[in-house]
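Q: I would like a close look at a single part of this structure, followed by an account of how the rest of the model compares in its local detail. Please keep the description to what the coordinates support.

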Amino acid sequence: MKPVLHLLICLLSLCCQPMSADAADEFSAEDLEFFENHVRPVLVEHCQTCHGALKQESGLRLDTRAGVLQGGDSGAAVTLGNPDESLLIRAIRRTDDLSMPPETALDPQHVEHLVEWVRRGVPWPDEQPAITVRGGAITDAERAFWSFQPVVDSAPPQLTNDVWSTSDIDRFLFATMSGAELTPDPPADRFAWIRRATFDLTGLPPTPEEVAAFVNDESPQAYATVIDHLLASPAYGERWGRHWLDVVRYADTAGETADYPVREAYLYRNYVIDAFNADKPYDEFLREQIAGDLLAADLASERQGNWDDASLARYRELITATGFIAISRRFGFDPQNYHHLTIQDTVDTLGQATQALTLGCARCHDHKYDPVNVEDYYALYGIFESTRYAFPGSEEKKRPTDFVPSVPPEIVATLPEGGCEVIYGVAEGEAKNALIQLRGEPLRPGDEAPRRWLNVLGGDPLPPDGSGSGRRQLADWIASPDNTLTARVMVNRIWQQHFGRGLVSTPNDFGARGAAPSHPELLDWLASRFVESGWSIKEMHRLIMNSSAYRMSASPSAAVLELDPDNALLSHFSRRRLSAEELRDAILFVSGRLDPTMGQGHPFPDIESWGFTQHDPFYAVYDTNQRSVYLMQQRLKRHPLLALFDGADPNTTTPVRTSTTVPTQALFLMNSEFVHTCAAGLADRLMSQSGNEVSRIGSAYEMVLGRVADSDELQQAQDFLASFRVAASEEGVPEAEVEQAAWSALARVLLTCNAFLYVE
């Protein structure tokens with residue numbers, strides 16, 4: 001068999017696995033949350049009067065998923081996954097003779113949400129929900145829910161038959177495993193462990209030198225030494241900053257109909273990366289993102305005009321941190337007229353990111369499942385309505401405004417107009433309480449909602465005077481060690497990234513529709529250690545990664561998989577595929593083409609040329625050899641590689657990366673110029689080494705797979721090279737190019753094999 005054909009068959013067999021018959025009927029928590037937040041209110045308000053239980057115009061019901069799928073007299077209402085072919089979408093777009101609703105067109109954002117709903121496969125909760133729909137005053141039973149109870153610092157279990165545990169984390173896990181008659185997997189070999197740890201902390205593979213140093217280190221501190229080395233790498237912040245950027249739905253464009261570029265958004269991205277590298281305490285990290293401009297004003301008061309470089313840099317950092325709020329998505333043709341939706345995006349993202357609560361569900365009505373009422377939502381809404389957001393530009397108003405100066409006001413005044421760097425951040429606006437918007441409609445005002453914290457978490461009000469927007473107090477409420485959610489939510493996210501599954505498997509939802517903790521005592525013990533450490537994320541890594549649990553192999557028996565198919569009890573390590581960013585970065589890294597410098601801004605078109613519209617929106621892909629976290633992240637049309645390999649959706653918070661397997665992934669790995677160029681780079685590295693063919697093959701395995709090749713693998717690679725040389729010559733490849741082509745082909749095989757694409 002010719003080597004090229006062999007490579008094709010291998011890749012297709014890798015990536016063309018069939019989807020289970022019922023996979024299309026399973027919806028993620030995020031899909032169902034999207035339906036509850038953005039779709040059900042539209043159907044109830046605008047559709048179900050004529051197409052509901054009491055009346056079915058044209059034979060169509062839109063109050064059940066079955067009714068939507070069945071359609072009416074005109075045929076099927078939707079084509080799953082294909083909005084453009086769906087009769088329902090064509091009707092609400094009013095592009096055909098059929099226009100719905102008949103009198104008044106839907107808000108463009110409502111249309112966009114219904115389009116996304118169809119694209120997702122029409123997610124809908126069970127027709128008979130297991131959870132009773134709630135509303136009204138918060139009850140004692142609701143307050144007693146596990147996530148609203150104080151964190152309890154329980155002592156780790158001590159079992160007489162426990163010879164496995166080497167840390168308190170292990171003792172919690174072993175007790176649960178024992179109760180389920182499970183035993184932990186043996187330790188992974190050192191080659192697997194260092195590759196696991198290096199990808200987990202840096203998103204890159206280990207170098208052959210790093211592997212050799214660890215494998216040959218017989219000291220008791222060998223594992224801890226590797227962890228400390230990785231935590232000190234600048235690559236750590238790039239890897240772990242990306243996780244936070246997933247959660248806060250970072251993008252370099254605004255997301256309104258024309259998707260205007262935001263030239264300065266990268267400053268917030270780099271702030272996040274720097275914060276992780278510096279191990280900025282998590283409570284401080286949150287305070288800066290919510291109220292950094294107010295903390296900067298405090299700094300200005302302290303300096304009293306006496307500024308040095310360090311204090312000016314700190315002032316700029318604090319302003320930059322508020323990009324967390326400024327990057328909220330913009331909506332519609334004229335986003336300033338849809339600012340209520342941007343505030344909704346802010347509140348919902350803040351709630352999910354820091355509290356794992358879906359606060360946006362209370363915009364139109366009391367939350368149907370969790371003790372969050374509409375008054376809670378508008379209490380927080382008022383805080384952000386009292387905040388001035390930088391405006392990125394739009395089809396209606398083409399130029400950005402209200403960006404925040406990076407230096408104090410007294411310096412903005414020793415400068416010419418336009419002579420100061422500006423930041424995509426926020427500032428104080430007119431402080432006021434919001435009016436409740438009936439059914440979420442700004443033109444239907446209700447009662448005033450005083451600004452305060454969530455009722456179920458204490459309901460603290462703003463002080464009567466001098467509180468401004470209230471963001472300072474909001475930051476303190478969220479970052480308080482007494483908050484029952486903040487530490488739990490973050491340690492759960494850290495655990496999830498190390499083990500592939502959180503102790504709470506719904507990391508953005510600690511409410512009634514979320515999963516209960518698999519190890520509640522361990523979750524609280526970790527939260528206690530987190531606060532005790534000064535909210536140090538790096539200390540949490542050390543605590544987790546120095547455990548026996550993190551050293552387990554990924555080789556469960558069939559019996560274990562039957563007892564615990566999701567590995568919720570963690571009796572073994574869960575194998576995972578590289579994320580989109582890890583895949584791209586690792587290929588660049590082993591090819592010798594990765595540029596390790598920190599990314600800056602993007603080469604957007606000159607601002608004076610901006611005239612993007614909903615019919616001609618901004619779109620660009622900017623190539624770079626820097627790490628993938630520095631790629632331009634567009635909201636409405638994602639980077640092709642990141643979209644293909646399940647990168648984060650920048651339109652909404654992404655707490656967990658999905659992992660799809662589709663033929664186009666295999667085709668990309670076989671045919672893309674990027675992979676071929678990098679494979680050629682790896683071939684050049686190998687061919688430049690001294691030594692014979694066998695030693696070069698061994699180097700290839702060490703660079704790409706992080707381990708030593710065995711004798712069978714060495715022989716197979718030699719046979720591959722030999723047969724490829726013959727085939728290449730027969731196909732007319734010039735003799736001077738045959739050797740490079742053969743080594744490039746071997747490089748492509750290694751770069752697309754499971755051992756490279758997966759972490760054990």
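Are W244 and Y282 buried or exposed?

A: Both W244 and Y282 are buried. The model is a predicted one, and the description below starts from this pair of residues before moving to other parts of the chain.

The ring centres of W244 and Y282 lie 6.1 Å apart, and their planes meet at 85 degrees, so the arrangement is edge-to-face. This contact links distant parts of the chain: W244 belongs to helix α11 (residues 234-247) and Y282 to helix α13 (residues 282-303), with the two positions 38 residues apart in numbering. Both residues also belong to one aromatic cluster, formed by W244, Y268, Y271, F276, Y282, F285, F530 and W535. In total, the structure holds 39 aromatic pairs.

Another of these contacts involves Y550 and F573. Their ring centres are separated by 5.6 Å and their planes stand at 90 degrees, so this pair too is edge-to-face. Here again distant parts of the chain are linked: Y550 is in helix α23 (residues 548-551), while F573 sits in the loop between α24 (558-563) and β7 (576-577), 23 residues apart. Y550 is buried, as its relative accessible area is 0%. F573 counts as buried as well, with a relative accessibility of 5%. The ring of F573 has a further neighbour, since R196 lies over its face at 3.6 Å from the ring centre. A second arrangement of this kind places R575 over the face of Y758, at 4.2 Å from the ring centre.

The cysteines may be considered next. A disulfide is a covalent bond between the sulfur atoms of two cysteines. With a cut-off of 2.5 Å between cysteine sulfur atoms, the count comes to zero disulfides. For C361, the closest cysteine sulfur is that of C364, at 9.7 Å, which is too far for a bond. C361 counts as buried, at 7% relative accessibility. C420 is likewise buried, with a relative accessible area of 18%; the limit for this class is under 20%.

C364 appears again in the description of the enclosed space. The largest cavity has a volume of about 150 Å³. Its lining comprises 14 residues, and those nearest its centre are P41, V42, H110, R363 and C364. The elements giving two or more residues to this lining are α2 and α5 (108-119). Helix α2 provides the largest share, six residues. By class, the lining of the largest cavity contains four nonpolar, six polar and four charged residues.

Helix α2 also takes part in an open site. The second largest pocket has a volume of about 550 Å³. It is lined by 28 residues, and H51, L62, M100, P101 and P102 lie nearest its centre. Both α2 (29-47) and α4 (87-93) supply at least two residues each to this lining, and the largest share, four residues, comes from α4. The lining of the second largest pocket divides into 15 nonpolar, nine polar and four charged residues.

Two of the residues nearest the centre of that pocket, M100 and P101, are also joined by a cis peptide bond, with omega at about -10 degrees. P101 is placed in the loop between α4 and α5.

The backbone has further details in other loops. A356, although not a glycine, has a positive phi of about 55 degrees. This residue lies in the loop between α16 (339-355) and α17 (374-385), and A356 is buried, with a relative accessible area of 0%. R439 also has a positive phi, near 55 degrees, and is a residue other than glycine. Its place is the loop between β5 (434-437) and β6 (445-449). At 28% relative accessibility, R439 counts as partly exposed.

One further arginine, R472, is found in helix α19 (residues 471-479). R472 counts as partly exposed, with a relative accessibility of 29%. The C-alpha atoms of R472 and P565 are separated by 45 Å, and the two residues are 93 residues apart along the chain.

To return to the part examined at the outset, W244 and Y282 are both buried, and their rings form an edge-to-face pair that links helix α11 with helix α13.

Technical notes. Residues numbered from 1 in each chain as written. Predicted model: local features only at pLDDT ≥ 70, side-chain atom pairs only at ≥ 80, totals over all residues. Heavy atoms only, no water. 1 Å grid on protein atoms, 1.4 Å probe; cavity = no way out; pocket = protein on both sides within 12 Å on 5 of 7 lines; lining within 4 Å. Points joined across faces, edges and corners; volume = space filled by probe spheres on them. Nonpolar A, V, L, I, M, F, W, Y, C, P; charged D, E, K, R; others polar. Buried < 20%, exposed > 50% of the residue type's maximum accessible area, 1.4 Å probe, protein only. Phe/Tyr/Trp six-rings, centres within 6.5 Å; stacked < 30°, edge-to-face > 60°. Lys NZ or Arg CZ within 6 Å of the ring centre and 35° of its normal.
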